[in-house]
Amino acid sequence: MSKIVIKGGSNLHGEVNISAAKNSVLPIIAASILSGDKCIIDNVPMLEDVFVISNILKSISADVTIDKKLNKIIIDTSNISYCDPCSELVKKMRASFLIMGPMISRFGGFKLCLPGGCNIGTRPIDLHLKGFAALGAKVNVEHGFVEAKAKKLIGNKIYLDFPSVGATENIMMAAVTAEGETIIENAAEEPEIKDLADFLNSMGANITGAGSRAIHIKGVKNLKGSSHSPICDRIESGTFMVAAAITKSKIRINGINEEYLKPIIAKLTEAGVYIRCEGNSLIVDGNRELNPIDIKTMPYPGFPTDMQSQVTGLLSTVKGTSIVTETIFENRFMHVMEMKRMGANIKIDGRSAVIEGVDKLTGAEVKATDLRAGAALILCGLAAEGKTEVIDIYHIDRGYVDIEKKLKLLGADIERVNE
Ligand code: EPZ
């Protein structure tokens, strides 16, 4: 089992390049099913989750070529069949459920095993299913499988009780060839939604309003193959911003989009971090006295839940009392127990973490409990006194390309140890 070992105390310097967004690439790969043709995705981050969804497409007879040197994926879905995908693969990753909408749209139905929950919450799919039903699909959940059937999908107005990212994406993909117009109201506004819509429109879809609370989809007869280069990863960008802040360093982060980072820039600036944008780069300087702040995670454009564990780690080293409230997932404070092993002083009160900043964290053996918690523990290790060992790093590899190599290039004393 491999682990990441960090010797804390080094300052960071230099610059880091941000990869494309995992949470954009995954729905875009799923959307290639709609083309029944060849799609080329460039600038693909070579992540575990990307390999999983690619293997799921292969299990339903798509032809997928991954070029790790060119960071390119070529997907030919002309031979995809209506067959059961490999359940073991589907259960590995929540985002696997994103193939449901495209398969219903293309084949008039599909059967898929229920995606697993995960550590951070139950992660229901009721809003996805409500959307499919509103488009005329007959939806049935039994024996651990979801089956949706529809002779023809008919456009409809769908109001999402919660602006769910996955439900917005799945319903949008199901609606692209539905008869008539579909309006998704209270839709998720995350940048990855617009990126997916841009890809679908390049395939011949007719989507307007993606990135706003109301998305209009006018059904078209069919879609064709296309190529796309996904947007940058705003969460990886934010993770490196916190790396600079927690180590009191000044670094340059390249390949960012300032618009996507507004909520993160706002809160880190409020904490006293110096941040300057230069085109598609950020200069981040954490070498100053920071102050405690309160943060509440919200759907975009609010502060992202995927940055919650990273800022919780940062605030545990900032003198004073900070309060972090997690409103999106019901169990996303598992990193707190691990941070307490490093000397953090954090109390969970309902959906909030009350953080009393300490002078110094101390290195310890800690466990990554989910993708972002693992990244947060690495950041805490960078600032801690002594050695930190992070185990269960397979979580981290799902969403960060070579995180330890990128931090090492910035001057961190960090190694991946394969045992
Ligand atoms: C996406 O997950 C991201 N994953 C998550 O990133 C991210 O944390 C999340 O959006 C929120 O921003 C991908 O894009 C692959 P949701 P998703 O549906 O789509 C409730 C990471 O670390 N809900 O917006 O599953 C749900 O319980 C991952 O990169 C329903 O109630 O998130 C949760 O409380 C973690 N019914 C809230 O909505 C539904 O049918 C947010 O879920 C669907 C969701």
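Helix 5 gives the largest share of the shell around the ligand: three residues. Bear in mind that this is a predicted model.

Let's stay with that shell. It holds 21 residues, and the closest are Asp126, Leu127, Ser164, Asp306 and Ile328. By class, ten are nonpolar, five are polar and six are charged.

Now the polar contacts. Take the side chain of Lys22 to begin with. One of its N or O atoms sits 3.0 Å from an oxygen atom of the ligand. Two backbones also matter here. At Gly166, a backbone N or O atom is 2.8 Å from a ligand oxygen. At Pro124, a polar backbone atom is 3.3 Å from an oxygen atom of the ligand.

How much of the ligand does the protein cover? On its own, the ligand has 820 Å² of accessible area, and the protein covers 87% of that.

Which elements give two or more residues to the shell? Helix 1, at 22-31, helix 5, at 126-134, helix 6, at 165-175, and helix 12, at 371-383.

Next, the domains. Domain 1 is 2-19 plus 232-418, and domain 2 is 22-228. Both give residues to the shell, so the ligand shell lies between them.

On to the cavities. There are two of 30 Å³ or more.

The largest cavity has about 50 Å³ of space. Its lining is Ala21, Lys22, Asn23, Glu192, Asp233, Arg234, Ile235 and Arg372. Helix 1 and helix 8, the latter at 234-246, each give two or more residues to that lining. What is the make-up of the lining by class? Five residues are charged, two are nonpolar and one is polar. And where does this cavity lie? Domain 1 and domain 2 both give residues to its lining, so the cavity lies between them.

The second largest cavity has a volume of about 40 Å³. Lining it are Ser19, Ala20, Lys22, Pro45, Leu47, Asp233, Glu236, Gly399, Tyr400 and Val401. That lining divides into five nonpolar, two polar and three charged residues. Each of the domains, 1 and 2, supplies at least three residues to it.

One residue to keep in view is Lys22. Its side chain has an N or O atom 3.0 Å from a ligand oxygen. Lys22 also lines the largest cavity, and Lys22 lines the second largest cavity. Asp233 is in the lining of the largest cavity, and Asp233 is in the lining of the second largest cavity too.

Technical notes
Residues numbered from 1 in each chain as written. Predicted model: local features only at pLDDT ≥ 70, side-chain atom pairs only at ≥ 80, totals over all residues. Heavy atoms only, no water. Near = heavy atom within 4 Å. Polar contact = N/O pair within 3.5 Å; in protein donor to acceptor, adjacent residues only side chain to side chain. Areas by Shrake-Rupley, 256 points an atom, 1.4 Å probe, with all protein chains shown as cover. Helix = DSSP H or I, 4+ residues; strand = E, 2+ residues; numbered from the N terminus. Nonpolar A, V, L, I, M, F, W, Y, C, P; charged D, E, K, R; others polar. Domains from an automatic or database assignment. 1 Å grid on protein atoms, 1.4 Å probe; cavity = no way out; pocket = protein on both sides within 12 Å on 5 of 7 lines; lining within 4 Å. Points joined across faces, edges and corners; volume = space filled by probe spheres on them.
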